[in-house]
Amino acid sequence: MVALQIRDVPESLRDQLVALAQRRGQSLQAFLFDLVRDEARRQDNIAVLKQFSPATWDIAFPARDIQVALDAERAERDSALFGQETAE
């Protein structure tokens, strides 16, 4: 493993980060490691999503059609779950 160092961090920021880490029951090092790891994972996810961008699809649907279909499916799901029609 390698060590990373961040210089010139204001004390007030460090104090905020320590407080956040304590709320999670973590050390500052563990908290910062999780932040860095999660950010790297998000970038990986973005790269994967770009591979499946709408420009690579053969069929494009207008956003309004997608919203109408989602609303209809959600209403059907809610009706099945709650036994009644939901009001919009």
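These legends go with close-up views of a predicted model.

**View 1. The whole chain is built from helices, with the pattern α-α-α along the sequence.** If you count the elements, you will find 3 helices and 0 strands. Of the 88 residues in the chain, buried ones make up 6%. The chain exposes about 8300 Å², and carbon and sulfur atoms supply 57% of that area.

**View 2. Here we look into the largest pocket, which has a volume of about 600 Å³.** Helix H1 (11-23) and helix H2 (28-51) are the elements that each give two or more residues to its lining. Which helix provides the largest share of the lining? That is H2, with 7 residues.

**View 3. Now we turn to the residues that line the largest pocket, 16 in total.** Those nearest the pocket's centre are Leu-4, Gln-29, Leu-32, Phe-33 and Val-36. Sorted by class, the lining holds 12 nonpolar, 2 polar and 2 charged residues.

**View 4. A nonpolar patch lies on the surface.** Its members are Val-2, Leu-4, Leu-32, Leu-35 and Val-36, and together they have about 500 Å² of accessible area. You have met some of these names before: Leu-4, Leu-32 and Val-36 are also among the residues nearest the centre of the largest pocket.

**View 5. This close-up is centred on Leu-4, found in the segment before H1.** Is Leu-4 buried or exposed? Its relative accessible area is 74%, so Leu-4 counts as exposed, because the cut-off for that word is over 50%. Leu-4 thus brings two views together, as part of the nonpolar surface patch and of the lining of the largest pocket.

Conventions:
Residues are numbered from 1 along each chain as its sequence is written. This is a predicted model: local features need pLDDT of at least 70, side-chain atom pairs count only at pLDDT 80 or more; totals for chains, interfaces and linings use all residues. Side-chain values use heavy atoms; hydrogens and water are left out. On a 1 Å grid over the protein atoms alone, a cavity is a set of points where a 1.4 Å probe fits but cannot get out, and a pocket is an open set with protein on both sides within 12 Å along at least five of seven lines; lining residues have an atom within 4 Å of a point. Grid points are joined across faces, edges and corners, and a volume is the space filled by probe spheres set on the points. Helices (H or I, at least four residues) and strands (E, at least two) are DSSP runs, numbered from the N terminus. Ala, Val, Leu, Ile, Met, Phe, Trp, Tyr, Cys and Pro count as nonpolar, Asp, Glu, Lys and Arg as charged, and the others, Gly among them, as polar. Patches are made of residues with over 30% relative accessible area and no salt bridge: like charges are joined within 9 Å, nonpolar side chains (Val, Leu, Ile, Met, Phe, Trp, Tyr) within 5 Å. Accessible areas come from the Shrake-Rupley method with a 1.4 Å probe; for residues, only the protein chains shown count as cover. A salt bridge is a side-chain nitrogen of Lys or Arg within 4 Å of a carboxyl oxygen of Asp or Glu. Buried means under 20% relative accessible area, exposed over 50%, partly exposed in between (1.4 Å probe, protein chains only).
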